[in-house]
Each structure stands twice: as structure tokens, then as C-alpha cells.
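The exercises below ask you to reason from a set of coordinates to statements about fold, charge and ion pairing. Please work through each task before reading its solution.

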Amino acid sequence: MTEDLGTPVLDDHLHLDPRHGRGIEAVEEFARLGGTHLLVVNKPSWLLGVEPDEPDDFRAVFEETLETVAAASETLPGRAWPVLGVHPGLISRLVDERGFSPEAARDLMRGGLSVASEYVADGDALALKSGRPHYDVTDAVWDASNAVTRRAFELGAEVDCAVQLHTEATEDLTDLAAVADEVGLDPSKVVKHYAAGELAGVTPSVMSDKERLERAAEAGEPFLMETDFVDDPDRPGMVLGPKTVPRRVRWLLEEGHEEAVRRAHVETPRDVYGIDTEATLERGEP
């Protein structure tokens, strides 16, 4: 039996891997607990067997993600949307394992983002994904990563879409908000995934543990909820499972945080991504 929580329930950032992981089974589990909408981010290219040499090499990753999202949408009471981009950890694989210079890695990753932006421009994807390493790197790699992120913001401004970021753990991304503003992208359309309960500069996509969510709810600011489910059978306990967001929504409602639930699952998705989670739930329209 499928639970109805009386609200759209969006997981803002997770991965699905029908080839190696649970795939649509995870979507069914999410929906059974009351989940309605998903933003599905392509897995890092190397986890899908793609070691790019040219920007077009990323297309295989993006196409596989689009197929998975289409299958997820058929399963959900609402729908799923793809978020496409280049994982910032790729720069370390290129530089440390494949002999690329930081500058060559930068250019390849920026090219991959340009390819991803084509899918957004065509209406096949919702948003872009970029960022910078969350671990220590050389100054040259750090500078190259920031240049990649800047390019993601430029592309987001060009095709009018949000940009999800993978970054270091922080509650202050005003530096990247300033870069987004400089290139014409509204900083509110920059989303830090794996965020804590509060964040300065850009919109937080809060990891759905109770402590972080309580802070986000009480802060009264725009936020999203996510699991970062990786759908990797070799790392089953690495992050939160697909049941988590619906369960936490139920808990937030029980705790009297109805306004926060509406903010995270209706208002912020509308303002950041331009999606209507209520209309797509009620009528099943794109």
C-alpha cells in the first residue's frame, strides 16, 4: 500500500543505477513511503565505465541517466527530472591517474558541462551539476576546479537553469554566490547538495537527518531535502536510503513543521528550478 503524506515529497539529489544497483526498485520504495518527485543526478562518469577524453564522451553518461529518469517517472505518482553535469572529483582522476595537467582537465570538464547544458536547452534536463573537491588538493587543481564551477554558472545563466554544487563542507558559500552573481546567475538558483541545516549565499539541499532538518525548519529560509542515495551495492550504508525523505517529511509534519515542508517541497523547488510539484502530482503532467 502506498502512503499519502498529503503533500508533494521531493528528494532533491540522489543517484539511480539500474545496471549495478537497485534502480527502479529504489524508486518504488520511495513512492511506497509517500515520495512523489525525484531529481536524479547522473552518477560520476567513471562509475558508469566512462573515462572521457573529449567532451562528447560524457553523452553516454547523460543518455543513460535520461533513460533511468524516464523509467522513474513512470513509477512515481509525480515525476522525476534529470540533473546532468561533471562530478568535481573527476579532476583528481584526470590529473592523478591519467596524466592530465590541471588546465587540460579543466577544459575537458568545462566541455562536458557545455554538453550537459545542451540537454537543458533542449528541455531534456532540468539543471546542471558541478562544484569543487571536498578534500585537499593543490592550488592548481583548486583554481582549475573553481574555473569549472564558474563555467557551470555561466552556462546556467545562458540556458536559464539552476546549478547543483558538490563542495567542501561549509555553511558559507558567499564566495561562489558572488561568482554566480558576477556572471548573471541568481545565487538562489545555486544549490549546495549535502548541506547542513543553514547556509549563507546559496540555497541548501539539506541532508535528511533530523538535526539538520530541525535547524533548516526553524531557520525559516528556503531549503530542499535530499538523501544523496548512491545506489551502489558495494557501499550500502554510505549515505541515506531512498525511504528517508518521505519518513522525515512525516516526522516534520508530526513535529508541527507544516510550513517548512511546504517550503522544501513546493515553494523552493518552484523558485529554484521552476517546477510545480503540486500540478505534476495532481495531473501527472510534465
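**Exercise 1: overall fold**

In this predicted model, residues 24 or more positions apart account for 70% of the contacts in the chain with a separation of 6 or more.

Task: determine how the radius of gyration of the chain agrees with that of a compact globule.

Solution. Begin with the chain length of 286 residues, for which a compact globule would have a radius of gyration near 19 Å. Then take the value for the chain, 18 Å, which agrees with that expectation. For the extent along the principal axes, the C-alpha trace spans about 50 × 40 × 35 Å, and buried residues make up 56% of the 286 residues.

**Exercise 2: charges and a long-range pair**

Task: count the charged side chains, and then locate the two partners of the salt bridge between arginine 250 and glutamate 3.

Solution. The chain carries 28 positive and 58 negative side chains, with the centres of the two sets 2 Å apart, and a search of the whole structure finds 25 salt bridges. In one of them, the side chains of arginine 250 and glutamate 3 meet at 3.0 Å, N to O. This pair links distant parts of the chain, since arginine 250 lies in helix H8 (residues 244–254) and glutamate 3 in the segment before strand E1 (10–14), 247 residues apart.

**Exercise 3: accessibility of a pair**

Task: decide whether arginine 22 and glutamate 29 are buried or partly exposed.

Solution. The two side chains meet in a salt bridge (3.0 Å, N to O). Arginine 22, with a relative accessible area of 30%, is partly exposed, whereas glutamate 29, at 11%, is buried, because buried means under 20%.

Note on methods. Residues are numbered from 1 along each chain as its sequence is written. This is a predicted model: local features need pLDDT of at least 70, side-chain atom pairs count only at pLDDT 80 or more; totals for chains, interfaces and linings use all residues. Side-chain values use heavy atoms; hydrogens and water are left out. The radius of gyration is taken over C-alpha atoms; the globule rule is 2.2 Å times the number of residues to the power 0.38. Buried means under 20% relative accessible area, exposed over 50%, partly exposed in between (1.4 Å probe, protein chains only). Contact means heavy atoms within 4.5 Å. Lys and Arg count as positive and Asp and Glu as negative; His and the chain ends are not counted. The place of a charge is taken as NZ of Lys, CZ of Arg, CG of Asp or CD of Glu. A salt bridge is a side-chain nitrogen of Lys or Arg within 4 Å of a carboxyl oxygen of Asp or Glu. Helices (H or I, at least four residues) and strands (E, at least two) are DSSP runs, numbered from the N terminus.
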